[in-house]
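I am opening a notebook page on this structure. I want to see how a few residues and helices are packed.

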Amino acid sequence: MLKKLIRSFRKPRPKATPGPKEQRLTLAEHGLQPDRFSRNAVSVALRLQDAGFQAFLVGGCVRDALLGERPKDFDVATSATPEQVRDVFRNSRIIGRRFRLVHVLFGRETIEVATFRSNHTAKDAAAGHSVTDSSGRILRDNVYGTLEDDALRRDFTINALYYDPANQIIHDFTHGLADLKQRTLRLIGDPETRYLEDPVRMLRAIRFAAKLGVELPDATAEPIYRLAHLLGDIPAARLYDELLKVFLNGSAEDSFMLLRQFGLFAPLFPHTAPELDADPDYSTELVRLALRNTDQRLREGKTVTPAFLFAALLWPALIPLCARYQADGLAPVPAMQKAAHKLLPLQLQQVAIPKRFTLPMQEIWSLQERLPYRYGKRADVVLAHERFRAAYDFLLLREDAGEDTGQLGQWWTDYQFADEGNRRRMISELSGPVRKSRRPRKRNTRSTAKAGTPQ
Ligand code: ATP
Ligand code: MG
């Protein structure tokens, strides 16, 4: 306690008077009750304040709480450097290089603590704290600044609200609260410059538009059409992280439609995008339905796996390759495996899907070619496969998108629920050309794989 007190004399106290641009909104003005926030996040901010630093809850958690939603994670912004934060919390570790942060760990909850950052100057770049490339893109971002600097370097005004749990005041430098009330998504500063600095902000704009139902005014929307291609140069690991947020936040279907509308889908999935244009009835429908199911499952509190999601997103690109290898004489399963080996490395250059998901994706795809072969023990072997459930769901997805599989989905539904006797009967009744052509009802022939000899 004494140590804390001495420290608090040495550290700068929060500014007493607001700066010229700053609005300080009281509880009566913003109406945000403190119980909307995680107790751990509040305690991190208060302990940093006790240690003499400024500390606020910031970003998505303040925005979502103001919208009446339960925030899913909590960020704290502070005047303390990462090392100083580390000194305050034993249960913490410093992470990141491009953007150094501290994670404070409370069992299953992690509170992310970031030091106030500033927008860059040429001097900072010369000193090596921040690095930008010739197009203005920020490559490293560790220039510390004041609370106001930190607000101005954030992406959108609605993401730059700072909540002080000690007095329930929100600090607003960019009219973020007014924008939030009007449900409009405005960049802080000149939109084109801000997108050039970090093209991922375009993806974030789409995510917020879909998830929060906020409007994209012209100033926010218009540059995206011109600058969308810049997403192609972003490191693949970062795009994977951001894409997961796009597709796993409950509004994946809307996000997908917006990504396509704004030309952001093609730089992310360069091999799928042309197939969606060529064959919208089937391919676009399949991706849409996969994303709609994902949204639905999340609403019902069920788990979703990125493997299934990416398996669907790449399926339209996989099918023509698979058809080509079959036309060259390969059997369906090896053709599918070869197609996956061709496509995945190309896609991974854009979006770094981890191996723990690319392996199940390949199993889901291969099983699509094994599901029609059911004679003898084959059906039971497939049924016992670790990935059967996902593969079966994927088969139903293909059918829902309009593909004619000869009612294979129904057969597998019945088989799963049949007793042993009925299963044997179902197998023995398989005769003749059980599996129809893979040609979907509405698809063009270009992307149709040749059927193998089924059963
Ligand atoms: P979500 O609720 O989906 O997590 P979020 O706004 O919290 O949304 P995060 O990625 O967690 O998104 O980022 C936290 C905050 O960091 C944002 O609210 C924003 O203020 C800032 N931020 C994140 N990414 C950027 C960026 N690319 N450029 C500028 N500021 C950013
Ligand atoms: Mg967040």
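I started with the contacts of Glu148. Leaving aside neighbours within four places in sequence, I find Glu148 in contact with Lys21 and Phe173. The model is predicted, so I keep to what its coordinates give. Glu148 lies in helix H7, residues 147-153.

Which side chain of opposite charge is nearest to Glu148, and how far away is it? It is Lys21, at 4.5 Å. Glu148 is buried yet has no salt bridge. The cut-off for a salt bridge is 4 Å from a Lys or Arg side-chain nitrogen to a carboxyl oxygen, so the Lys21 distance does not qualify.

Next entry: helix H3. I looked up its length. H3 has twelve residues. From first C-alpha to last it reaches 16 Å, close to the 16 Å expected at 1.5 Å a residue.

Then I checked both ends of H3. At the N-terminal end, Ser38 is the cap. One of its side-chain oxygens lies 3.2 Å from the backbone nitrogen of Asn40. Just after H3, I note that Gly52 takes a positive phi of about 100°.

Which residues of H3 are buried? I list Ala41, Val42, Val44, Ala45, Leu48 and Gln49. They sit on the same side of H3, because the arc they cover around the axis is only 160°.

I also asked what covers these buried residues of H3. Strands E2 (55-58), E3 (75-78), E5 (101-106), E6 (109-115) and E9 (161-164) are included in the cover. Helix H5 (82-88) is included too.

I picked Ala41 out of H3 (residues 39-50) for a separate look. Is Ala41 buried or exposed? Ala41 counts as buried because its relative accessibility is 0%. Not counting residues up to four places away in sequence, Ala41 touches Leu57, Phe74, Val76 and Ile111. I also took the C-alpha distance from Ala41 to Asp75: 7.5 Å in space, with their positions 34 residues apart in sequence.

Last entry: helix H23, residues 420-428. Here I find Arg423, Met426 and Ile427 buried. Their arc around the axis is only 100°, which puts them on the same side of H23. What covers the buried residues of H23 includes two helices, H20 (378-383) and H22 (408-417).

Methods. Residues numbered from 1 in each chain as written. Chains lettered and ligands numbered in written order. Predicted model: local features only at pLDDT ≥ 70, side-chain atom pairs only at ≥ 80, totals over all residues. Heavy atoms only, no water. Helix = DSSP H or I, 4+ residues; strand = E, 2+ residues; numbered from the N terminus. Buried < 20%, exposed > 50% of the residue type's maximum accessible area, 1.4 Å probe, protein only. Contact = heavy atoms within 4.5 Å. Lys, Arg positive; Asp, Glu negative; His and termini not counted. Expected span 1.5 Å × (residues − 1). Arc of directions from axis to C-beta. Polar contact = N/O pair within 3.5 Å; in protein donor to acceptor, adjacent residues only side chain to side chain.
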